[in-house]
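Got your viewer open? Let's take a short walk through some side-chain contacts, one selection at a time.

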Amino acid sequence: MRTVFLTRFCAVPFFLCILIAELASCATTKMGTPIYHVYITNTRRVAVLPPSALDSTVDQLYQLKLSYKDDDFSILAYVSADKTAINIVMLSDFGTEVGAISYTADGISATALPDSLPAKYIIMDFQNAFYALDALHETYATARLNFTEVPIDHSDAASGATTVRTIRDGNKIIETITYAGNVITIANHLRGYTYTLTGASE
């Protein structure tokens, strides 16, 4: 399972492009706290916010599906997050750990991820889905990008979606995060990939 996990991710061209496009992996404050930046568009980057900006605690097992063009990949992901740390542990169908990402005051660390898949990009998509709206709106505004959240009228949402978050560059939609019951869908329209997080039943 571990070999399949690494092979499938390494095959995704988008993440190779991201690695090549990186101009600086992170900066450091005078106190030594890492500050990471992620390119949301090809020219505009946004700082990764600390876990303290989390909207609420998360303690959930998800079925994580990643789709890129005609390629799909699925794995279990246990997410434990509060205002001090974010931990994402990827598991095989047998419950064996095959990879992990951690974000604390010491910075972002990861195991069993290919170099072509920087962990900070996964953390950025996590924050887009789970962080407080006001904090996200403010940090995206520094890059002249617009981050919004609006409720969806049930009469117009056949999918059952109740809320959608949107990142825009002017009139161009970069990413949407849709909430429908226990399913969160993160669709990056610029890069052409989609995460689907389905929460496991109690």
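How many aromatic pairs does a search of the whole structure find? Six, in what is a predicted model.

Start by selecting Y36 and Y103. Their ring centres sit 6.4 Å apart with the planes at 85°; an angle over 60 degrees counts as edge-to-face, so that is what this pair is. Now colour by strand: Y36 belongs to strand 2 (residues 34-39) and Y103 to strand 7 (residues 97-104), so the contact joins distant parts of the chain, 67 residues apart. Switch on a surface and you'll find Y36 buried at 10% relative accessible area, with Y103 buried too, at 4%.

Next, pick F126 and Y131. Here the centres are 6.5 Å apart and the planes stand at 90°, so this is an edge-to-face pair. F126 is buried at 6% relative accessibility, and Y131 is buried at 0%. Add Y62 and F130 to the selection: ring pairs link these two with F126 and Y131 into a cluster.

Now for charges. The whole-structure search turns up two salt bridges. Select R44 and D169, whose closest N and O atoms are 3.0 Å apart. R44 is in the loop between strand 2 and strand 3 (45-47), while D169 is in strand 10 (residues 163-169), 125 residues away along the chain. D169 is partly exposed, at 24% relative accessibility.

Last stop: R165 and E149, a salt bridge with an N to O distance of 2.6 Å. R165 is in strand 10 and E149 in strand 9 (residues 146-151), so the bridge ties together parts 16 residues apart in sequence. Buried or partly exposed? R165 is buried at 4%, whereas E149 is partly exposed at 35%.

Notes. Residues are numbered from 1 along each chain as its sequence is written. This is a predicted model: local features need pLDDT of at least 70, side-chain atom pairs count only at pLDDT 80 or more; totals for chains, interfaces and linings use all residues. Side-chain values use heavy atoms; hydrogens and water are left out. Rings of Phe, Tyr and Trp (its six-membered ring) pair if their centres lie within 6.5 Å; planes under 30 degrees apart count as stacked, over 60 as edge-to-face and the rest as tilted. Helices (H or I, at least four residues) and strands (E, at least two) are DSSP runs, numbered from the N terminus. Buried means under 20% relative accessible area, exposed over 50%, partly exposed in between (1.4 Å probe, protein chains only). A salt bridge is a side-chain nitrogen of Lys or Arg within 4 Å of a carboxyl oxygen of Asp or Glu.
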